[in-house]
Amino acid sequence: MTPRPALPAPERPRWQPLRIGLVDLFHYDVEEFHFRDGRLLLRGNNGTGKSKVLALTLPFLLDGDLSARRVEPDGDAGKRMEWNLLLGGEHPHPERLGYTWVEFGRRDEVSGEEQFRTLLCGLKAVSGRGIARHWWAVTAQRIDHRPPGARTETSLSLLDATGTVLSRDRLVEAVAGHGMVHDQAKAYRRAVDEALFGLGEQRYAALVDLLIQLRQPQLSKRPNEAALSRALTEALPPMDQAVIADVAEAFRSLDEEKEELRAAAAAERAASTFLDHYRRYARTAARRRARLPRSEHSKYEQLQRDLAEAQAGKAAAERDRAAAEEDVAALTETRARLEAADAALREGPEMRSAHELERAAQTSERATGDSARARDDRERASLQHTRALGRLGAAENRLRAATQLVQDTRLRAREAAAAARLALPEDDGEGLAVAGLRTAVAEATDRRHRTLAHVEALADQAEAAAAARRDAVLRLDESETELTQAAGALDRAQDTARAAGRALVDAVREHAARCGELEYADPSGLLDELQEWTRHQDGPYPARRRAAEAHSATAAVLADLAAQSAQHRAGLAARSGGRCGPQAPHTRTPGLRDRAPGAPLWRLVDFRDEVPDHDRAGLEAALEASGLLDAWVRPDGAAFAADGHDVLIAPDTGPVEGASLAGVLRPAVDHGDAQAAQVGVETVARVLEAIGLGGPSGGSATPTGDAPDAAPAGTGLTGCRPAGAWAAPDGRLARQQTEDAAGSWLEHLSAALDYRSWHEFAVERRQHGRWVPATGPASGGERVLAVSVPLFAAASSHYASAGSPYAPRLVTLDEAFAGVDDDSRAKCLGLLHAFDLDVVMTSEREWACYPQVPGIAIAQLARVDEVAAVLVTRWEWDGSARERREDPVRPPQPEPLWA
């Protein structure tokens, strides 16, 4: 026997339809229709059941709704689901069980692993009762009706060994460990969405509605612009739930933020007031603390200035001293030289020559006088001429001798004058007159006297300079003494400053070590910087600056922590229902409890661990009904009703006889609430002991004390509220209604922020150079494109926004492109390929063999009215040629052994 063809293998990384099938439905016993490249065409004449196959498979297996308006392509309510099993009474049995299924597959891009998901629906119809039961299943197994030996471990046969269709219970056993059987359509749709799409309940429902709309037969003949706009709008991705949650949380925390802002403003005002006072105090304290350092620093600066002046005076005195010493040495040398010259002049031959010159001058004058008298007497002494001639000769001899002497004396005088650096008048050759000589000698002597007087004045100045030098040396010694004393004082001041700096560093180190809340970022760096600052005191005080920085950083951290804590508390409050109490009665005075000491009972108690969960809701309901849940408990033990007027428990009320609330509740004072913290644990325990609790014998379950009758008898405090209406997950008394309100708030907010409700699409087409409505008069091809393109785009948008990146991209078309020319059909099928959409479609005359279609499986259906069967002939188009394919369920008939 020729073996059956192998099961189809997936080729894409996303989910694609591989097969659809029917088991004992309509006129089929077991039938499969394979896809090629995600495409399947069911063709045949009217009445062959091609639309019936589409109705029983897709999108029914994605929807799970058995109503005729969603199952049947034309929405005919008269076509009930049981007809597909009982065939309107033509089936030979009064009841029939059948299955419809679809298989999706994908191949992992990395590992190459093949994965499969099969969706199936079981239907059981009974004559006179309609659909008696139905169920759905999602499994990773593959439908395989081959003999048991040819199947694999992941194969699933909907027929047993006898060919009987599996019942629901047997199907549960068959899919155990591989999938799940569902009895509710809602749970089944959720499972399909999670397994293939990841769209979410609303988006998935919108997708199925779109597929049902696309499947309407001859859709282009009844274009509906509103329906197209609605389909495109619903195809838009919804608002991100995280964004909606953030907005809801922001709205929910507005009141808290207002309170925080008011508290922050009050804190800012208080801080500003405190800072004003503190600044004044800091300025006063700083001036007081800086008084001594500033005084010492002023003394230090004055000593520095005095030292600089003394050092400058010392340097100037040393320079003057050196100059004076040089002048004294020079003057001493000059004086000694002049004294020596004076002594030499006084004792030298030059001075003797001067005396001789004077005597010679006197002799010359006497000789001149004698000569004159001789001339006068010559006449008188003519007689004595002869006698006088002798004397005259002698006189002439003496004159020549005197002249010679004068010349010699003049020569010596000139030499002496030259030696004495005296200028004498020049000799004109005839000799100088005695008077001229006298004048010259007097002038030379006068100059010499002036020279001596100048030398003596210089000597006196030298003496004065020596005295000034001695005074300068004395002042220098005194300055050096003062400098030494100032240096000693400076050293002592520096030692004191260094000691004060070390003490300051030690004090800051100890202070930093003691700081518990305010920590310095870099204590070692602070101490190093502070030690350097104590040497020069340049810039602001490092410890104060670092403390301010640490304070700012710590304040910022605390502010962030406070904001996070507030946000965390708000989140906890939102998740736990806000831990708010019961609704305040209208008779309560507003603000009555704001300043009153105490707290409501529900903030002071908690369930005991041994109380089972199913009893907690009843106990809480009874407490609320009796008015005790929101009763105001004061620190003295008195309990007032919720309206704040009636006294439920007096302060001196003792414990009741028998069971009390202390057996099921325990004190749990909320110490985070200042008012609740005023109520002691013993007071809460005394209040619980004062409230009775009914027992299992049917006695009154009404809390005693002054509480009114409320709860019915039973095994403890019970009530009419549903379980969990007040009990929070942690067992605390909390309002579930708050959570419901929060959910309702989220729903309203989601609706308000749903931008899709703000959009409206207008579908138009370009005609004769202008845009006209797509639903207006047009040719068949234009109407097909005007309807198909928006719906294909809507489907593509749905799949693109799916949570799963491997979501299938499937559309269904009934009587596709009826009345449309071949060119328009080719374009529409090309659009499916362009949008990467898989398709199941039916047609009476379409073969879909166009170059725009890379591949499609074709099933030709044929039947005769008198025969309760359908003949299926299979073909495949590979983009270039159409070829015949074998039946995947029934092996081909063997060739006869003889002709």
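Where is Glu309 found? I looked it up in the model, which is predicted, and Glu309 sits in helix 10.

**Overview**

I took the general numbers next. The protein has 21 helices and 22 strands. Of its 899 residues, 37% are buried. I noted an accessible surface of about 50,400 Å², with 53% of that belonging to carbon and sulfur atoms. For contacts between residues at least 6 apart in sequence, 66% join residues at least 24 apart.

**Surface patches**

I went back to Glu309. Its relative accessibility is 57%, and exposed means over 50%, so Glu309 counts as exposed. Glu309 belongs to a patch of negative charge on the surface, together with Asp306, Asp477, Glu478 and Glu482. Helix 10 (254-347) and helix 13 (434-514) each give at least two residues to this patch. Helix 13 has the largest share, with 3 residues.

I then looked for positive charge. Arg280, Arg283, Arg287, Arg288, Arg291 and Arg294 form a positive patch on the surface. I placed one of them, Arg287, in helix 10.

I also found a nonpolar surface patch made of Phe274, Leu275, Tyr278 and Tyr281. Together these residues have about 450 Å² of accessible area. Tyr278 is in helix 10. Is Tyr278 buried, partly exposed or exposed? The relative accessible area of Tyr278 is 43%, so I entered this residue as partly exposed.

**Salt bridges**

I noted 42 salt bridges in the structure, and looked up a few.

Asp836 pairs with Arg14, and their closest N and O atoms are 3.2 Å apart. The two residues are 822 apart along the chain: Asp836 lies in the loop between helix 21 (822-834) and strand 19 (838-843), and Arg14 in the segment before strand 1 (16-25). Asp836 is partly exposed at 27% relative accessible area, whereas Arg14 is buried at 7%.

Arg96 and Asp24 form another salt bridge, at 2.8 Å from N to O. This pair also links distant parts of the chain, with Arg96 in strand 4 (residues 95-107) and Asp24 in strand 1, 72 residues apart. Arg96 has a relative accessible area of 5% and is therefore buried. Asp24 is partly exposed at 23%.

For Glu82 and Arg80 I recorded a salt bridge with the closest N and O atoms 2.9 Å apart. Which side of the pair is buried? Glu82 is, at 18% relative accessible area, since buried means under 20%. Arg80 is exposed at 52%.

My last entry is a network of salt bridges that links Arg36, Asp37, Glu876, Glu883 and Arg885.

How values were computed
Residues are numbered from 1 along each chain as its sequence is written. This is a predicted model: local features need pLDDT of at least 70, side-chain atom pairs count only at pLDDT 80 or more; totals for chains, interfaces and linings use all residues. Side-chain values use heavy atoms; hydrogens and water are left out. Patches are made of residues with over 30% relative accessible area and no salt bridge: like charges are joined within 9 Å, nonpolar side chains (Val, Leu, Ile, Met, Phe, Trp, Tyr) within 5 Å. Accessible areas come from the Shrake-Rupley method with a 1.4 Å probe; for residues, only the protein chains shown count as cover. A salt bridge is a side-chain nitrogen of Lys or Arg within 4 Å of a carboxyl oxygen of Asp or Glu. Lys and Arg count as positive and Asp and Glu as negative; His and the chain ends are not counted. The place of a charge is taken as NZ of Lys, CZ of Arg, CG of Asp or CD of Glu. Helices (H or I, at least four residues) and strands (E, at least two) are DSSP runs, numbered from the N terminus. Buried means under 20% relative accessible area, exposed over 50%, partly exposed in between (1.4 Å probe, protein chains only). Contact means heavy atoms within 4.5 Å.
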